[in-house]
Structures are given as C-alpha cells and as structure tokens.
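Got the model open in your viewer? Grab a selection tool and follow along, one stop at a time.

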Amino acid sequence: MDASTSPSTSTEAIRRRVDSLGWYHSIDVGHGVVTNGLSRSGTVDAVMPDLEGKSVLDIGAWDGYYSFLAERRGASRVVALDHYAWGVDFGAREAYWRECAAAGRLPDHRRDIEDFWQPDLPGKQGFDLAHELLGSKVESVVGDFATMDLAELGTFDVVIYCGVLYHMKEPLTCLERVRSVAREVAVIETEAVHVPFLEHVPLAEFVAANEVNGDFGNWWIPNMASLEAMCRAAGFSSTTVQVGRTGGVKPALADLRQTGRAAARRLLRGQSTGGLLAGVPEVGHYRAVLHAHV
Ligand SMILES: C[S@@+](CC[C@H](N)C(=O)[O-])C[C@H]1O[C@@H](n2cnc3c(N)ncnc32)[C@H](O)[C@@H]1O
C-alpha cells in the first residue's frame, strides 16, 4: 500500500484538516477523529424524540452536531439552518466587544451585519468539512430564522431549536415562527433562570450586557414556567419538560418556602418584600430542554 493512502496517513491528513478549523461542536467525523468543540453540552441527545423517518429542521445548526445526529438516527430529510455563526467574523466582533466592555458601553448589534459580515461564510467551514467527511446528505440553508420567508422553508415533522431562544430579542415571535414550521414537535433547549420560591410565576430575566457567558448577544432568559407559557402562547398545544433544574430546592431551604411565598405575594402586589428575601439563595441559571407539541 502506498504510504500516502495508508489508513494512518489518511487519518493524520483528516486530523490536520479538522484541527485547522475552530469548532463549536465536538463531532465524531469518523476515521477516529473527533472535532475539538467548545460546547460540552450533550444533554439533548438523550431526550430527542424518535427521529426515524422524520423530516427535521435544525435551526442554529452551527457545525451541525444535531443535524448529523438526526441523520444518524434515521431522519428521512434534514435541513441545517444558520446565519449568524456562519457569516459573522467572530474575531473582529470579539475585538469590538472587548472595546465596549472596557469603555463600559453596550455594543451596536447592527455591526454584526453591517461591518462583521463575511459573505464567504467562513464559519460554515466546520459544517462543510464534517458534512464531507461523514458523506452526509444534510441540506444547508443560510438564513436568519427570525426574519426569513418561512414559506420557502416549508414544514418539518421535528424542529430542533437548541441554544437559540435566549439570543432572540423577541422570543415569543420566534417561537410562533418555530410553531409555524413544525408539524409534530419542537425540541427547545435554552439557558433558563431559576428564581427561588417563584418557580410557578412565569418570569424572564432581561440581560442587556454580557453577564451571561461573557456574550453580549443574550437577551431573555426564561424560567420554566414562562418557557412553557410562551410555547402555549405561540400556538403549541402542550409541552413536556425533558430537562429541568436538577437537584431541586435544597432541604435546608424548604423552611424558607413560606417566607418566599409571602415575599412573592408582596412583590406581585408591587409592594416591598420588607426584607423578607434577605439571605435567600441567589438566582441561578441552568439549561432547560422542553418538547413543544403541535
Ligand atoms: C449557542 S449556538 C447553539 C448551536 C447549536 N444549536 C447547539 O445547541 O449546540 C446558537 C446558534 O444559533 C444561531 N442563530 C442565532 N440567531 C439565529 C437566527 N436568527 N437564525 C438562525 N440561526 C441563528 C447562531 O448562529 C448559532 O449557531
């Protein structure tokens, strides 16, 4: 066998191509090579609905982890849709964001498209390489899901909407759009907020700056109650929570429930909590996963 085509050499060549790119997802592209992605979350895999024979739309696909997973699990057709991560020059944007953070001002997000947009889509190279190495038939669509013409996109049995909702300025409108392209179920994964004692009050935290993951592109962090309520308001008939906040309320906090309820009642009446919440645990974030049924 010619050394240039021996398995080890071809694995090395593949590894070099893979390592020449920056990756968001860790994808097993075969040949013993796994891309070195930044994202470590694998919680959605275990709670994906049955994808066998289904048409699947993966909104915000980036390197395509969920698109390729859907293909592997027997989906009949998979469309990977993205826009932002494929076209924005993250290096230039990062430098601008650092300037803003240092100056204590908020970035002008229009610059993503006006100044940092690269029509040759350098951020799609990872998806394209994984697609080639996997011999994938996943189709790709470049589009801003929040504004694009959805009639052209069509409808899908399963819509994957993972890691996108909290990046949306208008989450309810976006969920309505997700509903309009879904035929059976949408899998929604999002950063979520846990506000102790107020779990049943539909709340969303507004984030103006970069306090979540150092990212200026986050806006609304729902709690589970508001995530479910928004899905219903967007036209889904029901929701099933797949991954909620794990661990629950610590036993030591159970005694504080009454205090929390009293404080919540006062807050909802627009009154001061009268110091009732002093010493209660911090508001915290977690990643929630929900199935929204059509
Ligand atoms: C945090 S990443 C999540 C990637 C992947 N879905 C996952 O869960 O691992 C957010 C993705 O959503 C994409 N995105 C954000 N806004 C979008 C929009 N309006 N239309 C399409 N994709 C969008 C970004 O480009 C990025 O790829």
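Before the first stop, a word on classes: Ala, Val, Leu, Ile, Met, Phe, Trp, Tyr, Cys and Pro count as nonpolar, Asp, Glu, Lys and Arg as charged, and the others, Gly among them, as polar. This is a predicted model, where local features need pLDDT of at least 70, side-chain atom pairs count only at pLDDT 80 or more, and totals for chains, interfaces and linings use all residues. Residues are numbered from 1 along each chain as its sequence is written.

**Stop 1: the ligand.** Select the ligand and its surroundings, where a residue counts as near if its C-beta atom, placed from the backbone, lies within 6 Å. You'll find 17 residues there, and the closest are Gly60, Tyr84, Ala85, Cys162 and Gly163. Two elements give two or more residues to this shell: β2 (77-82) and α3 (84-87). (Helices, H or I of at least four residues, and strands, E of at least two, are DSSP runs numbered from the N terminus.) What is the shell around the ligand made of, by class? It has 10 nonpolar, five polar and two charged residues.

**Stop 2: the sheet.** Now show the strands. Seven of them form an open, mixed sheet in the order β3-β2-β1-β4-β5-β9-β8; two strands pair if DSSP finds at least two bridges between them. At the edges sit β3 (139-142) and β8 (238-243), each pairing on one side only. On average, neighbouring strands are turned by 20° against each other, direction ignored; axes here are lines fitted to C-alpha atoms, for helices over the stretch in contact, and angles run from 0 to 180 degrees between N-to-C directions.

Add helix α9 (residues 224-233), which packs on the sheet and touches β5 (182-194), β8 and β9 (284-293). Contact means C-beta atoms, placed from the backbone, within 7 Å. The direction of α9 makes about 25° with that of β9.

**Stop 3: strand pairs.** Pick β1 (residues 55-59) and β4 (residues 156-162): they pair in the parallel sense over four bridges. Asp58 stands opposite Ile160 in β4. Next, β5 and β9 run antiparallel, joined by 10 bridges, and Ile188 stands opposite Leu290 in β9. β8 also pairs with β9 in the antiparallel sense, over five bridges; click Val243 and look for its bridge partner, Val289 in β9.

**Stop 4: a helix.** Finish at α4 (residues 90-103), whose 14 residues reach 20 Å from first C-alpha to last, close to the 20 Å expected at 1.5 Å a residue (that is, 1.5 Å times one less than its number of residues). Buried or in the open? The number of buried residues in α4 is zero, so the helix lies largely in the open. Buried means 20 or more other C-beta atoms within 10 Å of a residue's own, exposed 12 or fewer, and partly exposed in between, with C-beta atoms placed from the backbone. Just after α4, Gly104 takes a positive phi of about 70°.

Note on methods. Contact = placed C-beta atoms within 7 Å.
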